Every structure is written in structure tokens, then in C-alpha cells.
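Visitor: I should be grateful for a close look at the sheet in this structure. Please take me through its strands one after another, and then turn to what lies beside it.

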Amino acid sequence: MVPDSASVEQVADKSLVRASFGRAARGYDEWAVVQRGIGDRLLGCLSAVPLPDRAEILDLGSGTGYCTRQLQQRQANVTGLDIAPQMLGTARAGQLVDTAYVCADAEYLPVADDSIDLVFSNLMIQWCRDLQRLFGEVARVLKPEGLFVFSTFGPKTLSELRAAWRQVDMHSHVNHFAAESEIEKAMLRAGLINESLECEAIRVVYGGVLELMRELKGIGAQNVTCDRPRTLTGKEKIRRVIDGYPGRQGGKEITATFELILGKCSRPPADRERIAWRG
Ligand SMILES: C[S@@+](CC[C@H](N)C(=O)[O-])C[C@H]1O[C@@H](n2cnc3c(N)ncnc32)[C@H](O)[C@@H]1O
């Protein structure tokens, strides 16, 4: 059987994801300007959403807790969940009120069925191996009419860097990003209702290719694809990537595209429910 593209395992190994974000945890906030901006937009989408008193909120891939702390201001019981213990350590060190933090994989949630009013996730989904499994888990833990609000990156993300590397060798140097259609398919298969799914290209200017690479390393966004190169990259190859980066007009400045996907979906009311997937 040909595997569904939504379930093709592009993330080679979760331990690589955990280790890479773990190493980045202490310096993450200094680098994560793009991530915070997107987090603010996602939080903004929630401002008009009514939540019950003492709502149960789960922040998936909570990182150093920037969004978790703001969700806490909604007078809710917020739990931050992340696969990297060092991220949770940094989040705990910066917390003002008592927030629960759990170290776990979002594809295998240690959370009771029908227990969460809002699942929130800023830029974690692209690190998952199996979208079907992730959305199935979210559908399982949400209460009927509960909401899942998320951001992730689509396939045009870092397309310039991908193109530059393609001229150098045949390895995969940039992570795989699922398309909007794959995300929608996984969401609907999990029995969730698509409330909105938007896609938009964000272009960020960097002082050079090395600055972009440093930022990716600084936030822990390491290449975790199955066919990544297994040896250290030499200076000569890096020079060719810099020279081949599209759109450089003489100067050093470059632009990197991030294809932002913002989604909102909900679990149907109990009387209209037909969950197709239960992990
Ligand atoms: C780009 S950071 C975003 C952190 C935070 N949401 C923010 O807005 O700054 C992605 C986070 O997702 C976590 N992560 C990656 N894969 C995960 C998984 N399968 N389950 C839980 N967390 C995961 C990483 O450890 C990292 O902290």
C-alpha cells in the first residue's frame, strides 16, 4: 500500500528533535523573534473566543512558555506540554503563577479523554511524524465543542535555502513541511470540524545566509529528515550555498520565506459526533 503523504515519516527520529530543542532551550528566547510574532497572532485569534470559567487549556510544544504564560491570563488551568525537558525547565524558571508542565510527545498524550476545552499549539506540528495520529490525539482529549487552535509551517518554508542546497548536493538539508491539504485531511479524518485554515507567506530579511543558519540552530530547528547528511559540512559547501542563495543582489542581505498556516478546528457537539479515528 502506498502510504498517505500525511503519515509519511519525514521526521527521522524523535530523540533528535528532543535533543536539538533541549540544547537550544537556554538561548531560545533570544533567537525566537519570528516564533513569538506568530505566537502573538495565534493568541490574538483567541481574544474573541469565549472560554468557560476555569477552562482546561493544553499548550502543545510549549517551549520556553511564552504563549503558555499568556494563556494563563485567561483565568484558566493551563498545562504546558513539551518533548524536551530542558524547554520545560526554562519555562518553569520564568513562570509567574503556578502552571503545570508535562514532558511528553504530542502524538501520545498522557491526558484523559474529553477533558480539555482548548488545545493551543504554536509551531510544533511540523515536528510531528504522523499528522493523523496527532489530530486523533487532539480529538480524543478535547471535550465536545472544544477547540484546537494552531500554527505550523507549510512546504514553501525556507524554499530559498532548499534551492541553494540543491545546487550543492542531493541530501535533504531542510525539514519537510506538510501542506495545508494534508493538515486538513488529518483534521477531518480525526472527526474535527474545520473552522478556518489560512495560509500566508511571510518574508523575513536576514543579514546573510549564515545569520539565517545561526537562527535556525539557535531555536533548535535542526535538520531531522531521514536523508540528511551524516557528516560535517565543509566550508566550501557552505560558500556554495551562500553564493547560490536565490535573490542575493550583490549585497549580503537575503530573504527567507516562511509559509505560515494558521488553523482552527473544533470537536463536534456530543449529539453530532462521529469520530472516525481513535488511536
Ligand atoms: C519552534 S518551538 C515552539 C515553542 C513555543 N510554542 C513557542 O511558541 O515559542 C517547537 C517546540 O515543540 C516541541 N516539540 C517538538 N516535537 C514535539 C512533540 N512531538 N511533542 C511535544 N513537543 C514537541 C519542541 O521541543 C519545541 O519546544
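Guide: Let us begin with one pair of strands in this predicted model. Strands β2 and β3 run parallel and are joined by four bridges. Within this pair, the residue opposite Gly80 is Tyr101 of β3.

These two strands belong to an open sheet of seven strands, whose order is β3-β2-β1-β4-β5-β7-β6 and whose pairing is mixed. Strand β3, residues 100-103, is an edge strand, and so is β6, residues 193-206; each of them pairs on one side only. On average, and with direction ignored, neighbouring strands of the sheet are turned by 15° against each other.

We may now move inward along that order. Strand β1, which covers residues 56-60, is parallel to β4 and is connected to β4 by three bridges. Here Ile57 has Leu118 of β4 as its bridge partner. On the other pairing of β4, six bridges link β4 in the parallel sense to strand β5, residues 142-153. In that pairing, Val119 faces its opposite residue, Phe148, in β5. As for its surroundings, β4 spans residues 116-122 and is mostly covered, with six of its seven residues buried. A general remark helps in reading any such strand: when a strand is regular, its side chains alternate between the two faces of the sheet.

Let us next consider a helix. Helix α1 consists of residues 14-24, and its buried residues are Val17, Arg18, Phe21 and Ala24. Viewed down the axis of α1, these buried residues lie within an arc of 135°, and therefore they line one face of the helix. The cover over the buried residues of α1 includes helices α2 (28-31), α5 (85-93) and α9 (209-218).

Finally, we come to the ligand. It is surrounded by 24 residues, of which the closest are Phe21, Gly61, Gly63, Ala106 and Trp127. Two or more residues of this shell come from each of α1, α3 (33-45), α4 (66-72) and β2 (77-82). By character, the shell around the ligand comprises 15 nonpolar, six polar and three charged residues. Two parts of this account thus meet in Phe21, since Phe21 is one of the buried residues of α1 and is also among the residues closest to the ligand. Strand β2 likewise appears twice, as the parallel partner of β3 and as a contributor to the shell around the ligand.

How values were computed: Residues numbered from 1 in each chain as written. Predicted model: local features only at pLDDT ≥ 70, side-chain atom pairs only at ≥ 80, totals over all residues. Buried ≥ 20, exposed ≤ 12 C-beta atoms within 10 Å, placed from the backbone. Arc of directions from axis to C-beta. Contact = placed C-beta atoms within 7 Å. Near = placed C-beta within 6 Å. Nonpolar A, V, L, I, M, F, W, Y, C, P; charged D, E, K, R; others polar. Pairing = 2+ DSSP bridges. Axes fitted to C-alpha atoms, helices over the stretch in contact; angles between N-to-C directions.
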